[in-house]
Amino acid sequence: MSDYLTTLRELREKALKGGGPKRIEQQHERGKLTARERLALLLDEGSFQEFGALATHNITDFGMADQRYPGDGIVTGLGKINGRRVAVFAQDFTVMGGSFSEVQSHKICRIQDLALESGIPLIGLNDSGGARIQEGVRSLAAYGEVFQRNVLASGVVPQISVMLGPCAGGAVYSPALTDFVIMARDTSFMFLTGPEVIKAVTGEDVNVANLGGPLIHNCRSGVAHFLAANEHAAISMAKLLLSYLPQNNTEDPPQVAPYDPADRMEESLNSVVPANENEPYDMHLVIDAIFDRDSFLEVHSCYAPNAVVGFARLDGQAVGIVANQPAHMSGALDIDASDKISRFIRICDAYSIPLITFVDCPGFLPGVDQEYHGVIRHGAKIIYAYTEATVPKISIVTRKAMGGSYVAMSSKQMRNDLAYAWPTAQIAVMGAEGAVRILFRQELSKAEDPAAMERKYIQEYREMFFNPFRAADLGQIDEVIEPRETRPRLIRALEVLRTKVQQNPTKKHGLMPV
Amino acid sequence: MTLAERLTTGLNITILGMGLVFVLLVLLWALLTVMLRLDRPPAREAGEGIAPAQPAARKPVKLPPELLSAIAVAVFTHQAVLRKQAAPSMRSHWPGSILFASRWVAGGRHQQTQNWHPRGR
């Protein structure tokens with residue numbers, strides 16, 4: 001018996017050392033932590049239960065028989081984050097560059113299955129050079145197994161990918177299929193084909209950072225949702241993000257004991273919208289003043305900045321926020337903003353997180369480029385996502401709500417539950433100047449003083465449509481409220497809507513205009 | 001036996017019986033009194049144990065104001081991090097708590113998700 005125990009202890013000891021002291025040292029020199037060090041930061045102390053620590057590959061080609069490491073380059077198991085059960089995996093770059101093998105796949109699939117069956121979130125710490133070439137098609141099939149489970153778990157249990165190193169080739173699809181991607185600055189990158197292949201195929205000269213660095217994926221492609229300063233910050237971000245998400249799609253996110261008065265009225269809101277309608281203001285000021293102090297976690301903060309999405313807490317309860325950003329492109333909706341908004345709405349709907357929408361949008365961005373790239377199809381995603389969502393939905397029109405954007409941004413017809421408007425709201429089919437030129441074209445062409453007449457008609461149009469009272473009169477706005485009242489109003493409304501249940505027609509799945 | 005003798009005998013028996021009962025009651029009372037006296041804790045001297053215990057005099061800890069400020073900031077920051085991460089000490093409900101979920105919501109969500117049938121089940 002003692003021999004068996006000695007063997008077991010030796011194997012365990014070997015597994016703990018990963019690729020060995022030299023490789024661990026190299027990992028540290030790169031400014032990176034090992035898989036186990038990362039898990040120690042992520043999980044509550046003493047909560048980790050490892051599975052498959054002794055698993056090794058059975059490949060003998062290319063000298064692989066001599067390269068067997070217990071665990072085979074990945075650490076998987078169950079643990080707790082702030083007392084909440086989670087399934088985790090961490091790729092170990094010190095073992096053969098974290099290359100993705102069949103055994104790695106089996107280990108990841110095992111905890112994916114456990115996470116799905118137990119209804120607990122799955123967090124992956126990615127740091128891998130790609131597929132293990134020596135394993136050939138085995139490693140490709142292994143990817144497929146993981147992707148399949150990513151898809152099946154999508155919208156059932158939260159899946160978070162933390163990118164802490166390279167992720168190239170087919171491997172990128174697994175993080176892309178998860179709900180959120182967090183990238184650590186300087187150490188992480190993601191791309192399908194590397195700079196050398198691109199150079200050979202298209203002749204384009206690009207380096208790794210400009211091709212698939214964290215800034216590119218956070219600000220340009222939208223593949224990543226959060227940019228973290230370093231590995232520690234990335235892991236902290238995962239813990240923070242998890243606090244807004246439930247364990248699975250039938251439960252609610254954790255509720256924090258209220259710490260900000262529910263009846264707090266923020267006087268600054270009454271003057272946040274400038275008198276000049278063409279003057280921008282920062283929607284972040286509105287959000288910060290209304291929701292629980294310091295609770296806003298912006299998602300995609302760098303990508304499509306003309307829209308703002310993120311999580312916050314209202315009287316301790318997690319909510320999702322969708323807003324136009326008048327400080328950027330006047331808050332107009334374009335292709336990227338439509339993608340960003342629609343994806344976020346679906347995440348909130350999947351995890352039963354109420355949606356609060358702030359509308360200040362002059363419309364969809366006009367332009368040949370936008371039309372050529374399908375702004376119609378992308379804009380339709382917002383309508384689809386809002387209509388499909390069954391969570392509580394509340395909208396507040398702060399200023400402009402023009403044309404199609406008014407309809408799309410959580411209007412009554414998008415199965416909205418409550419529509420509020422501030423007195424500064426302007427709800428119309430289009431802007432005054434454009435409308436007058438169309439409506440009074442003949443009169444203006446015959447007038448002795450067309451400019452004066454145009455000004456007169458514009459003034460009349462503004463008085464008629466550039467306020468929320470007409471919409472309230474027609475029932476399209478439930479209540480016109482003082483901006484400072486917004487917080488208590490929202491809290492009271494959500495208190496009522498907390499138990500909202502709405503069913504969609506039975507179907508295999510809808511056909512979202514993706 | 002004449003009527004007078006019978007009455008006298010009855011009276012004697014009554015007096016004897018009742019007297020015996022009262023004597024026994026007096027003896028019992030006396031016994032209880034003695035037992036209570038014996039069981040009572042000894043009387044304390046006047047003033048003994050009344051004065052509250054004086055706390056041990058603490059030596060004033062002199063920390064530099066900068067250190068005190070840093071400690072305060074660290075405590076508040078830690079609390080803010082715990083709150084932001086919805087740590088157990090900051091939660092009003094445990095995630096998935098039965099106390100929190102209403103039957104209406106639980107039933108509704110079940111209906112919303114009932115079209116999922118894992119393979120082999």
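**Entry 1. Domains of chain A**

I looked up the distance between domain 1 and domain 3 of chain A in this predicted model: their centres, taken over C-alpha atoms, lie 62 Å apart. I then noted the bounds in the domain assignment, which places domain 1 at 2-242 and domain 3 at 431-465. Domain 2 is assigned two segments, 267-425 and 467-497.

**Entry 2. The sheet**

I traced an open sheet of 7 strands in chain A, with mixed pairing and the order β1-β2-β3-β4-β5-β7-β9. I recorded β1 (49-51) and β9 (226-228) of chain A as the edge strands; each has a single partner strand, so one side of each has no neighbour in the sheet. The twist from one strand to the next averages 20°.

At the β1 edge I checked the pairing with β2 (residues 74-81) of chain A, which is antiparallel and runs over 3 bridges. Within this pair, I found Gln49(A) opposite Leu78(A) of β2(A).

**Entry 3. Helices α3 and α4 of chain A**

I followed helix α3 (residues 35-42) of chain A across β2, β3 (84-91) and β4 (122-126) of chain A. The angle between α3(A) and β3(A) is about 160°.

I next examined helix α4 (residues 102-118) of chain A. Its 17 residues span 24 Å from the first C-alpha to the last, close to the 24 Å expected at 1.5 Å a residue. I listed its buried residues, among them Val103(A), Ile108(A), Ile111(A) and Ala115(A); polar or charged names also appear in that list, including Glu102(A), Gln104(A), Lys107(A) and Gln112(A). I asked what covers the buried residues of α4(A). The cover includes the strands β1, β2, β3 and β4 together with helix α5 (137-153) of chain A. Just after α4(A), I noted Gly119(A) with a positive phi of about 70°.

**Entry 4. The largest nonpolar core**

I looked up which residues touch the most other members of the largest nonpolar core, which has 127 residues. They are Val162(A), Ile182(A) and Ala238(A). The largest share of this core, 7 residues, comes from helix α12 (residues 335-350) of chain A.

I followed the contacts of Ala238(A), leaving out residues up to four places away in sequence: Ala238(A) touches Leu42(A), Ile123(A), Ile160(A), Val162(A) and Ile182(A).

**Entry 5. Two residues, Met190(A) and Asn207(A)**

I asked whether Met190(A), in strand β8 (residues 189-191) of chain A, is buried or exposed. Met190(A) has 26 other C-beta atoms within 10 Å; the cut-off for a buried residue is 20 or more, so Met190(A) counts as buried. Not counting residues up to four places away in sequence, Met190(A) touches Met163(A), Cys167(A), Val172(A), Gly212(A), His217(A) and Val223(A). I also recorded that 8.2 Å separates the C-alpha atoms of Met190(A) and Gly169(A), which stand 21 residues apart along the chain.

I then turned to Asn207(A), in the loop between α7 (195-201) and α8 (208-212) of chain A. Asn207(A) has 9 other C-beta atoms within 10 Å; 12 or fewer defines an exposed residue, so Asn207(A) counts as exposed. From C-alpha to C-alpha, Asn207(A) lies 6.0 Å from Pro195(A), with their positions 12 residues apart in sequence numbering.

**Entry 6. Chain B**

I looked up the elements of chain B and found 3 helices and 1 strand. Their order from the N terminus is α-α-β-α. Of the 121 residues in chain B, 6% are buried.

Terms used: Residues numbered from 1 in each chain as written. Chains lettered and ligands numbered in written order. Predicted model: local features only at pLDDT ≥ 70, side-chain atom pairs only at ≥ 80, totals over all residues. Domains from an automatic or database assignment. Helix = DSSP H or I, 4+ residues; strand = E, 2+ residues; numbered from the N terminus. Pairing = 2+ DSSP bridges. Axes fitted to C-alpha atoms, helices over the stretch in contact; angles between N-to-C directions. Contact = placed C-beta atoms within 7 Å. Expected span 1.5 Å × (residues − 1). Core = buried A, V, L, I, M, F, W, Y, C linked by C-beta atoms within 7 Å.
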